[in-house]
Amino acid sequence: MSVELEVHDSQGLPTEEMTLNMGPQHPSTHGVLRFIVKADGEVMRRAIPDIGYLHRSIEKIAEKVGWHGFMPYTDRVDYVAAMACNQGWAMAAEQLAGIEVPRRGEYCRVIAAELSRICSHLLGVGAMGMDMGAITPFTHALRERDMIMDLLEELCGARLTFNYMRIGGVAWDLPHDFVEKVSHYLDHLEPVIEEFNQLLGYNRIYVKRFADVATVDADMAIAWGLVGPNLRGSGVDFDVRRDLPYSVYEDFDFDVPLGSGEMGSLGDCWDRYIVRMREMVESIRILRQALAGIPEGPVIAKVARNFKPPVGDVHVKIEAPRGEQSWYVSSDGSEYPHRVHIRTGSFTAMGIIDRLSRGLMIADLVAVIASMDIVAPEVDR
Amino acid sequence: MDSTGIHAALRGRFDTAVGELAPGPFEASIEVDASAIEAVCTFLRDEEGLEFDNLSNLSGADYPELERIQAVYSLFSYKQRHSITLRVNADRAAPVIPTVEAVWPAANWLEREIFDLLGVEFSGHCDLRRILLPEDWVGYPLRKDYEEQPDYHGISTVRENLLTMKRD
Amino acid sequence: MSLINSAPEMVLTSTVDQVLNWTRKSSLWYMLFGLACCAIEMMHTGGPRADLDRFGMVPRATPRVSDLMIIAGTLTLKMALRTRVLYEQMPDPKYVVSMGSCSNCGGLFQYAYSVCDGVDKVIPVDVYVPGCPPRPEALTEGLIMLQKKIMQEKWITRSSDTPRLGGPIGERT
């Protein structure tokens, strides 16, 4: 499969193009991804992604396990931020059947989803540091993640793949002292995020490796389908929670951080990093408001065990930590879905890597993948 | 602009290549002829007031009893903040749909995924090959009549029933 | 390890097998082979709270310098071929821990067309750790069990009926 071209460098000396293989097993946290890199020395001509090493046919399994039974599988669509995917599926089924979730259930969903968002961003920025060679910030991020996973374990029993939400609401109510524990934890977390940013984000080596690398301007980001922090890092002011609000996000007051070319050019890797750091601070704001304003009441609506929504299909958009997920769910009136398709943020981010990597160095490929915060299960499902 | 306005603009330009506006139980959608899809998408992207600059989702669904595979395009406009759903039907025996890769580069991988899992050929695509499954996979799994192969490169895909094994 | 202190001046006696096994179990270097969700729990196990470094286990990037392979996550058929290649690239003596339901038996993806039901269809496994995903404490227990297994290996006095390590598809050469 290797193609060797006679190419010449600036002094007229002949060089050869190499074909290198990166992955599918590699020391990175992004999962099983493979790149076939055609490089002229250190400079890449192309980096062709080869995906599918984690294709677990989740969409086909939906047609076999039914509406209620699919909820654990949605955790595995993006296991780093499992609550958001739970919410996408639950919302799609509820829209099809016209079910309204009680307000307390919606607040529980928002609390769980925002805690999960902080978890996901911590892993994302920790992995960005680790891919650049800074192992210690990753352990700091894991330490904070462990504490959030303890809180979520009190809430729903699982550390990673929660299966907390149900069609019609959430499975269990908040434990009796959960609000105090989460508030106490958020007080602890805010200075830690600030310290993390000072240690990692403004570190000279980190800035040199991330600034001005793989700049994506706004038009290119929109045309190639980038979403979430990748899109906002390029300056496009769009967040599904604010602009196409779902659940109870209209009740909360939060800002949407955008990239601004602070360290380099607008839309480079550093912008995508700082958007995630600032989003964690905004998530803390939302959490504090949700914990203060949570109403009393039931947490789940009455939904039939033999759930059969009417015939039709629907598109649901949610703001997952890795970007907007668009869920297409089609029902044929039976207790098994007819078709479930999830267009995830990481899938389109992988699609643009080939285009971005032309002219970059091989080490920059790692920076691009890390800054796009790609995880393999979202790409392959 | 709401879906009636978008539909009127499309009808005015493409006449019968664009079907009726189906209000649908949940979201409005427009059926478009397969031959006209690329022109329709280019018009939707470039026309003043419509400006659908983003292909948000492209899914395929298999309807064996209707003898067709349907591709569902969900478009979104960041400038105008409106969205529309288009449907394109392809004959199930030999499904062919023109590609919209030239309109939105995001369609490149989304169409490859539908080719891989449902077997729809997107004519004009620059690189139509399998994306999620291995290159030598046989069959299109998301079709309703898909039969699994008994093994793949010597690894058996048969699932033993552990209960009957234990009884023996 | 039984220490027979027959000479008081800092001399310990033991058997060669036990010393070899003790050195091997105390520095198992595992290859980073995180495939799916269990990989996150494996990272947490190597992380600050449930620390694997205190057992001497350090993550390594390539199979050529590692002697433990923790299969953490779902094994798809596309990946199974590469898993066999990576296993054969590891030098002897090597050990395999199957972490999580997906690599034990396919897990909740047994209905899937593209998933290999269990990593023991391609490579021999020493310890199976159940869970979805297993907690860091569960993985640590599995690794301690592997350490106990390693302590029972015999290298000097091998014979044809010495128990060999290896999973259902059998003997390791």
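## Contacts, interfaces and salt bridges in a three-chain model

Outside its neighbours within four places in sequence, I58(A) touches F70(A), Y73(A), R76(A), V77(A), R381(A) and F109(C). This is a predicted model. I58(A) sits in helix α1 (residues 58-69) of chain A. Is I58(A) buried or exposed? Its relative accessibility is 0%, so I58(A) counts as buried. A367(A) lies 309 residues from I58(A) in sequence, and the two C-alpha atoms are 29 Å apart in space.

R381(A), one of the contacts of I58(A), also pairs with chain B. Its side chain meets that of E113(B) in a salt bridge, at 2.8 Å from N to O.

**Chain B with chain A.** The contact involves 35 residues of chain B and 44 residues of chain A. Together the two chains bury about 3300 Å². Carbon and sulfur atoms carry 56% of that area. Four salt bridges are found across this interface.

**Chain C with chain B.** Here 13 residues of chain C contact 17 residues of chain B. The buried area is about 1100 Å², with 67% of it on carbon and sulfur atoms. Which residues of chain C lose the most area to chain B? They are L77(C), K78(C) and Y113(C), and together they make up 54% of what that side buries. The rule finds zero salt bridges across the interface of chain C and chain B.

**Salt bridges.** Over all chains the count comes to 54. Four pairs are listed here.

| Pair | Closest N to O distance |
|---|---|
| E113(B) and R381(A) | 2.8 Å |
| R49(C) and D150(A) | 2.9 Å |
| R45(B) and D46(B) | 3.0 Å |
| E282(A) and R285(A) | 3.3 Å |

Take R49(C) and D150(A). R49(C) lies in the loop between α2 and β4 (59-60) of chain C, while D150(A) belongs to helix α5 of chain A, so this pair joins two chains. R49(C) is partly exposed, at 44% relative accessibility. D150(A) is partly exposed too, with a relative accessible area of 27%.

E282(A) and R285(A) share a helix, α11 (residues 269-293) of chain A. Why are they separated by about one helical turn? Because they are three residues apart in that helix. E282(A) has a relative accessible area of 12% and is buried. R285(A), at 29%, is partly exposed.

In chain B, R45(B) bridges to D46(B). R45(B) is partly exposed, with a relative accessible area of 28%. D46(B) is also partly exposed, at 49%.

Chain A also holds a network of salt bridges. It links E114(A), R117(A), R232(A), D239(A), R241(A), E279(A) and E319(A).

**The largest pocket.** Its volume is about 830 Å³. Of the 37 residues that line it, P27(A), M130(A), F138(A), L32(C) and P59(C) are the closest to its centre. Which elements give two or more residues to the lining? In chain A they are α4 (103-131), α5 (136-156) and α13 (362-372), joined by α2 (37-45) of chain C. By class, the lining has 24 nonpolar residues, ten polar and three charged.

Conventions: Residues are numbered from 1 along each chain as its sequence is written. Chains are lettered from A and ligands numbered from 1 in the order in which they are written. This is a predicted model: local features need pLDDT of at least 70, side-chain atom pairs count only at pLDDT 80 or more; totals for chains, interfaces and linings use all residues. Side-chain values use heavy atoms; hydrogens and water are left out. On a 1 Å grid over the protein atoms alone, a cavity is a set of points where a 1.4 Å probe fits but cannot get out, and a pocket is an open set with protein on both sides within 12 Å along at least five of seven lines; lining residues have an atom within 4 Å of a point. Grid points are joined across faces, edges and corners, and a volume is the space filled by probe spheres set on the points. Helices (H or I, at least four residues) and strands (E, at least two) are DSSP runs, numbered from the N terminus. Ala, Val, Leu, Ile, Met, Phe, Trp, Tyr, Cys and Pro count as nonpolar, Asp, Glu, Lys and Arg as charged, and the others, Gly among them, as polar. Buried means under 20% relative accessible area, exposed over 50%, partly exposed in between (1.4 Å probe, protein chains only). Contact means heavy atoms within 4.5 Å. Buried area is the accessible area (1.4 Å probe) that two parts lose on being put together, summed over both.
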